[in-house]
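Open the model in your viewer and show it as a cartoon. We will go from the whole chain to a few side chains.

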Amino acid sequence: MQETLLQKMQHNKLSQNALARHIALDKSMLSLMMNRKRKFRFEHKERIALVLHCTTDEIIWPDK
């Protein structure tokens, strides 16, 4: 079942700052990507999906 990235984070009780730490990305860069100011690279999507226990296809990404 597809959900937005934010919904997946909420279901996993994961804040934006915690997610940034888990994927070794600066929290301000993650914020820019979530606010559609920067694009998610495939490697970021893979790491996020791994942390959220799903596949990249199960997430609706906020794309630029």
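This tour of a predicted model moves from the overall fold to selected residues.

**Stop 1: the whole chain**

Colour by secondary structure. You should find four helices and two strands. Start at the N terminus and follow the order: β-α-α-α-α-β. A strand therefore opens this series of elements, and a strand closes it.

Now zoom out. The C-alpha trace spans about 25 × 20 × 20 Å along its principal axes. How does the radius of gyration fit a compact globule? For 64 residues, such a globule would have a value near 11 Å. This protein has 10 Å, which agrees.

**Stop 2: surface and contacts**

Switch on the surface. Its accessible area comes to about 4,400 Å². Carbon and sulfur atoms hold 50% of that. Of the 64 residues, 38% are buried.

Next, think about who touches whom. Take the contacts between residues at least 6 apart in sequence. Of these, 52% join residues at least 24 apart.

Colour the charges too. There are 12 positive and 7 negative ones. Their mean positions lie 8 Å apart.

**Stop 3: Lys8**

Select Lys8. You are in helix α1, which covers residues 5–11. Is Lys8 buried or exposed? Its relative accessibility is 9%, so Lys8 counts as buried; the cut-off for buried is under 20%.

Show what surrounds Lys8. Leave aside the neighbours within four places in sequence. The contacts of Lys8 are then Met1, Glu3, Leu52, Cys54, Glu58 and Ile59. Select these residues together with Lys8 and look at the group.

**Stop 4: an aromatic pair**

How many aromatic pairs does a search of the whole structure find? The search finds one. Select Phe40 and Trp61 to see the pair. The ring centres are 5.2 Å apart, and the planes make an angle of 55°. That arrangement counts as tilted.

Now trace the chain between the two. Phe40 is in the loop between α3 (27–34) and α4 (42–51). Trp61 is in the segment after β2 (59–60). The pair is 21 residues apart and links distant parts of the chain. Both Phe40 and Trp61 are buried.

**Stop 5: Lys39**

Step to Lys39, also in the loop between α3 and α4. With a relative accessible area of 57%, Lys39 is exposed. Put a distance label between the C-alpha atoms of Lys39 and Trp61. The label should read 9.5 Å. Along the chain, Lys39 and Trp61 are 22 residues apart.

Methods. Residues numbered from 1 in each chain as written. Predicted model: local features only at pLDDT ≥ 70, side-chain atom pairs only at ≥ 80, totals over all residues. Heavy atoms only, no water. Rg over C-alpha atoms; globule rule 2.2 N^0.38 Å. Buried < 20%, exposed > 50% of the residue type's maximum accessible area, 1.4 Å probe, protein only. Contact = heavy atoms within 4.5 Å. Areas by Shrake-Rupley, 256 points an atom, 1.4 Å probe, with all protein chains shown as cover. Lys, Arg positive; Asp, Glu negative; His and termini not counted. Charge placed at Lys NZ, Arg CZ, Asp CG, Glu CD. Phe/Tyr/Trp six-rings, centres within 6.5 Å; stacked < 30°, edge-to-face > 60°.
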